[in-house]
Each structure stands twice: as C-alpha cells, then as structure tokens.
Amino acid sequence: MVTAPGRTGHHGAGHGTTGRDKTAPGGKRHEKAASGRTERAQETREAILDVAERLFAEHGVGEVSNRRIGQAAGQANNFAVGYHFGTKADLVRAIIRRYTAETEERRLRMLETIGDSAGLRASISCLVRPATDHLESLGVPSWRARCLAQP
C-alpha cells in the first residue's frame, strides 16, 4: 500500500494512529505545520480579495454572490468567503482597508517630509495626493478604481 508521508498505512480505530503528524521534541513540526496553514489562509484571503475586487468592478457589489467569488477564486468550499471574511459587507470593508492602509502610509511619509511648518497647499496635497498617486500607479483599466467607485 502506498501512503502519504507521515501516515502508517493503517486506517480506522485501534491501529495506533490517526494519520496526524507527530510533534517532534520542542514542537517544531507542529509550528511548521501551523505556519504553513497560516500562509495558505493568507494566500486564500488575498485570492478572494483580488477576485472580489474584479467581480465587484465588473458587475457591481449587489450582483455578485459570495459563492461566485469563492468559485472564481478557486475555492471548492462554497463558504470560503464567509469563513475568511464573514458577510459581504465585511468583505467590502476588507477591500477598502487593504488600500486605505497603504494610502495612509504614503500620507504619513509625505507629512513627515513637509514637517509642521508647511502651508495649507502642502497640507492639502498630503491629504489628496496619496490616493490619486496610488490610483494613477494602477494603470488603466484598474479593477480597484472601478470597484472603489461603486455607489
């Protein structure tokens, strides 16, 4: 019988294994497995965000179901979007947070550069330019710009 690594080839109760990896001294194998799951979960979240952004831009937020997003993101589980994000409103918030954090970092760097003695024009520029520069850097067409422009 051919078995996967870490499995004994015996199945069912009474055979001394559940097929789970045994933890090495110090818990290293368990930590590595947990880290792998965390990385896969983050990759899944990013794939869902990318697909949701595109589908929302193409069809509108109200016209795209979480199930459709999950399928387009390659998820076999129909509830993957709900598992990772909760409701559709939570998913939209995650898309917005994804880019507002990046824009805010740019804004803070600009504010540090101009200092406290900057005039009104420079201060307003720090408010507006990070968002417009970011959108400009996306190129055309931009799913993100179209998605975020939804009413």
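**Exercise 1. Identify the residues that form a nonpolar patch on the surface, and place Leu-127 within the chain.**

Solution. Leu-120, Ile-124, Leu-127 and Val-128 together make up a nonpolar patch on the surface, with about 400 Å² of accessible area (Shrake-Rupley method, 1.4 Å probe, with only the protein chains shown counting as cover for residues). Next, Leu-127 belongs to helix 5, which spans residues 120-137 (helices are DSSP runs of H or I with at least four residues, strands runs of E with at least two, numbered from the N terminus). Finally, Leu-127 has a relative accessible area of 54% and is therefore exposed (exposed means over 50%, buried under 20%, and partly exposed in between, with a 1.4 Å probe and protein chains only).

The model is a predicted one, in which local features need pLDDT of at least 70 and side-chain atom pairs count only at pLDDT 80 or more, while totals for chains, interfaces and linings use all residues. Residues are numbered from 1 along each chain as its sequence is written, and side-chain values use heavy atoms, leaving out hydrogens and water.

**Exercise 2. Describe the elements and the confidence of the protein chain.**

Solution. The protein chain holds 6 helices and 0 strands, and 25% of its 151 residues count as buried. Turning to confidence, the mean pLDDT is 78, with 73% of the residues reaching 70 or more (pLDDT is the predictor's confidence in each residue, from 0 to 100). Among the elements, helix 2 (residues 66-72) has the highest mean pLDDT, 95, and helix 6 (residues 143-148) the lowest, 69.

Key. Patch = residues over 30% accessible without salt bridge, like charges linked within 9 Å, V, L, I, M, F, W, Y side chains within 5 Å. Salt bridge = Lys/Arg side-chain N within 4 Å of Asp/Glu carboxyl O.
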